[in-house]
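I opened the model to look up the ligand site first and the backbone oddities afterwards. My notes follow in the order of looking.

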Amino acid sequence: MKKMKKIAVFASGNGSNFQAIIDEIEQGRLFAEIVALVTDKPDCFAVERAHNHNVPVFAFDPKKYTSKDEYEKEIAFYLIEKSVSLVVLAGYMRLVGDVLLKAFPNRIINIHPALLPAFAGKNGILQAWQYGVKIFGVTVHYVDAGMDTGKIIAQECFKANGKETLTEIEQKIHTIEHQLYPQVIREIL
Ligand code: GRF
């Protein structure tokens, strides 16, 4: 029998991508189990989503640790104990450090709301919008020590008609994200 793969999702905010992965699993389209939501923001909406779907939460306050290594050691221990085979960053607003990268080599992925390597870092959609690009898109990539610099796994794009508002562009991008991310996770698993 095919073994159910265990994944952990990292989020710091709204968690709509986390929700899309939950939905895909609950609807039987993604054969995986989310064994942890890891967050550096205990009050973020992603935590509420986790509670609503019985996903265990590992919340930490980075300020209570002396270094990134310190809190990442705790996270790595927690995830290894739960036999996590893939770490999925979904709006996790921190750079991943050495400890997690070594604990999960080539097994940490991220989604970015722009066509990398353009518009890396925070506010990717706004950056692209302000630059005036005509083609917007989404990137899923492996995570390395840099900011949105890891090997690209998948990209999807659309052409703006020039009449959309920023909010409409954001909505289109999130719709693509919610469909692309579970699909890439399925393929990797
Ligand atoms: C997404 O746009 C994702 O690409 C970026 O952060 C945002 C997270 O949104 N990394 P949400 O928390 O999943 O709603």
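**Ligand shell.** I worked on a predicted model. I listed the residues around the ligand and got Asn14, Gly15, Ser16, Asn17, Gly91, Ile111, His112, Pro113, His174 and Glu177. Sorted by type, the shell residues come out as 7 polar, 2 nonpolar and 1 charged. I then asked which elements each supply at least two residues of this shell. They are α1 (16-26), β5 (108-112) and α6 (166-188).

**Polar contacts.** I went through the oxygen atoms of the ligand next. For Ser16, an N or O atom of the side chain is 2.5 Å from a ligand oxygen. At Gly15 the partner is a polar backbone atom, with a ligand oxygen 2.7 Å away. Pro113 also takes part through its backbone: an N or O atom there lies 3.4 Å from an oxygen of the ligand. I looked up the area as well: the ligand alone exposes 370 Å², and the protein buries 84% of that.

**Pocket.** Which pocket does the ligand take up? I found that its space is the largest pocket.

**Cis peptide.** I moved on to the backbone. As a reminder to myself, most peptide bonds are trans, and most residues other than glycine have a negative phi. The bond joining Leu116 and Pro117 is cis, and I noted an omega of about 10°. I placed Pro117 in the loop between β5 and α5 (124-131).

**Positive phi, Ser83.** I noted a phi near 55° for Ser83, which is a positive value in a residue other than glycine. Ser83 sits in the loop that runs between α3 (68-81) and β4 (86-89). Is Ser83 buried, exposed or partly exposed? Its relative accessible area is 48%, so I entered Ser83 as partly exposed; the exposed class begins over 50%.

**Positive phi, Asp148.** I found a second entry of this kind at Asp148, where phi is positive and near 60° in a residue other than glycine. Asp148 belongs to the loop between β6 (135-142) and β7 (152-159). I checked its cover too: the relative accessible area is 14%. Buried means under 20%, so this value puts Asp148 in the buried class.

**For the file.** I kept two loop residues with positive phi side by side: Ser83, partly exposed, and Asp148, buried. On the ligand side I kept the contacts of Gly15, Ser16 and Pro113.

How values were computed. Residues are numbered from 1 along each chain as its sequence is written. This is a predicted model: local features need pLDDT of at least 70, side-chain atom pairs count only at pLDDT 80 or more; totals for chains, interfaces and linings use all residues. Side-chain values use heavy atoms; hydrogens and water are left out. A residue is near a molecule or strand if one of its heavy atoms lies within 4 Å of it. A polar contact is a pair of N or O atoms within 3.5 Å; within protein, one must be able to donate a hydrogen and the other to accept it, and residues adjacent in sequence count only if both atoms are side-chain atoms. Accessible areas come from the Shrake-Rupley method with a 1.4 Å probe; for residues, only the protein chains shown count as cover. On a 1 Å grid over the protein atoms alone, a cavity is a set of points where a 1.4 Å probe fits but cannot get out, and a pocket is an open set with protein on both sides within 12 Å along at least five of seven lines; lining residues have an atom within 4 Å of a point. A molecule sits in a cavity or pocket if more than half of its atoms lie within 2 Å of its grid points. Helices (H or I, at least four residues) and strands (E, at least two) are DSSP runs, numbered from the N terminus. Ala, Val, Leu, Ile, Met, Phe, Trp, Tyr, Cys and Pro count as nonpolar, Asp, Glu, Lys and Arg as charged, and the others, Gly among them, as polar. Buried means under 20% relative accessible area, exposed over 50%, partly exposed in between (1.4 Å probe, protein chains only).
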